[in-house]
Amino acid sequence: MKLLALTSSLLAIVGSVVSLTLPATAIGTALFAKTTTGLSLPTTGGQELRLTQILLPPGQWVINYSATAVNGGAADTVRCYVRARETGQILSGHVAEVGVQPGASLASTISGVTLVNLNEPTTMVLTCVQDNTGLGPYIDAGAEIAAY
């Protein structure tokens, strides 16, 4: 009798978990761009380096991006973000401290995701800057932006 009760309980748990799982939804359109080489950040702090871009048609889009900042020297703050080229608006941004000093990482992947509703075609540009002026961080190959 206990085996039957245990089996019934397990089936009830499995059934409740399965019923909570939403069906998979196919992605209609996906757009993607990726860098193939490492790119040095400008030596002037705050000067933008445009890594790659994608042109999105009107509609609702989830935008995902990532870039790995690397710095073998004095620590510096690197900021990466997605900017709408036509308006200049920053849509999503994240930051990392990279370098060889305590509290910083030699390399750090900066990533983010955002949702946008576009009324007209818009170019989304993956961009990074360093805070300090001088030689320092670079962005490793493989920085990417995707929209779906």
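**Warm-up**

Is Glu48 buried, partly exposed or exposed? Its relative accessible area is 28%. Buried means under 20% and exposed means over 50%. Glu48 is therefore partly exposed. Keep in mind that this is a predicted model.

**Exercise 1. Set out the elements of the protein.**

Step 1. Count the elements. The protein has 1 helix and 10 strands.

Step 2. Put them in order. From the N terminus on, the run is α-β-β-β-β-β-β-β-β-β-β.

Step 3. Look at burial. Of the 148 residues in the protein, 35% are buried.

Step 4. Look at the contacts with a separation of 6 or more. Residues 24 or more positions apart account for 75% of them.

Step 5. Look at the surface. The protein exposes about 8,700 Å². Carbon and sulfur atoms supply 58% of that area.

**Exercise 2. Describe the sheet that contains strand β8.**

Step 1. Find the order. This open sheet has 4 strands, arranged β3-β8-β5-β6, with antiparallel pairing.

Step 2. Find the edges. β3 (49-56) and β6 (90-98) each have a single partner strand, so one side of each is left without a neighbour in the sheet.

Step 3. Read the twist. From one strand to the next it averages 15 degrees.

Step 4. Recall what holds such strands together. Strands of a sheet pair through backbone hydrogen bonds, parallel or antiparallel.

Step 5. Take one pair. β3 and β8 run antiparallel and are joined by 7 bridges. Across this pair, Gln53 stands opposite Val125 in β8.

**Exercise 3. Find the disulfide and say which parts it ties together.**

Step 1. Count. There is 1 disulfide.

Step 2. Name the partners. Cys80 is joined to Cys128, with an S to S distance of 2.0 Å. The cut-off is 2.5 Å, so the pair qualifies.

Step 3. Place the partners. Cys80 lies in strand β5 (residues 76-84) and Cys128 in strand β8 (residues 122-130), so the bond ties together parts 48 residues apart in sequence.

Step 4. Give the handedness. The torsion about the S-S bond is about 110 degrees, so the disulfide is right-handed.

Step 5. Check burial. Cys80 has a relative accessible area of 0% and is buried. Cys128 is also buried, at 0%.

**Exercise 4. Explore the surroundings of Thr127 and Arg50.**

Step 1. Start with Thr127. This residue is found in strand β8. Its relative accessible area is 1%, so Thr127 is buried.

Step 2. List its contacts, leaving out residues up to four places away in sequence. Thr127 touches Glu48, Leu49, Arg50, Arg79, Cys80 and Tyr81.

Step 3. Move to Arg50. This residue lies in strand β3. At 49% relative accessibility, Arg50 counts as partly exposed.

Step 4. List the contacts of Arg50 in the same way. They are Arg85, Val125, Leu126 and Thr127, not counting residues up to four places away.

Step 5. Compare sequence with space. Arg50 and Cys80 are 30 residues apart in sequence. Their C-alpha atoms are 9.7 Å apart.

**Exercise 5. Find the salt bridges and place each partner.**

Step 1. Recall the principle. Side chains of opposite charge can pair when their charged atoms come close.

Step 2. Count. There are 2 salt bridges.

Step 3. Take one pair. The side chains of Arg83 and Glu48 meet at 2.5 Å, N to O. Arg83 is in strand β5, and Glu48 is in the loop between β2 (39-40) and β3. The two residues are 35 apart, so the pair links distant parts of the chain.

Step 4. Check the burial of Arg83. Its relative accessible area is 18%, so Arg83 is buried.

Step 5. Take the other pair. Asp131 forms a salt bridge with Arg79, with the closest N and O atoms 2.8 Å apart. Asp131 is in the loop between β8 and β9 (138-139), while Arg79 is in strand β5. They are 52 residues apart.

Step 6. Check their accessibility. Asp131 is partly exposed at 33%. Arg79 is partly exposed at 36%.

**Exercise 6. Sort the residues of strand β7 by face.**

Step 1. Recall the pattern. In a regular strand the side chains alternate between the two faces of the sheet.

Step 2. List the covered face of β7 (residues 107-118): Ser108, Ile110, Gly112, Thr114, Val116 and Leu118.

Step 3. List the uncovered face: Ala107, Thr109, Ser111, Val113, Leu115 and Asn117.

Step 4. Find a partner. Strand β4 (residues 59-70) pairs with β7 in the antiparallel sense over 12 bridges. Gln60 stands opposite Asn117 in β7.

Definitions and conventions. Residues numbered from 1 in each chain as written. Predicted model: local features only at pLDDT ≥ 70, side-chain atom pairs only at ≥ 80, totals over all residues. Heavy atoms only, no water. Buried < 20%, exposed > 50% of the residue type's maximum accessible area, 1.4 Å probe, protein only. Contact = heavy atoms within 4.5 Å. Pairing = 2+ DSSP bridges. Axes fitted to C-alpha atoms, helices over the stretch in contact; angles between N-to-C directions. Salt bridge = Lys/Arg side-chain N within 4 Å of Asp/Glu carboxyl O. Areas by Shrake-Rupley, 256 points an atom, 1.4 Å probe, with all protein chains shown as cover.
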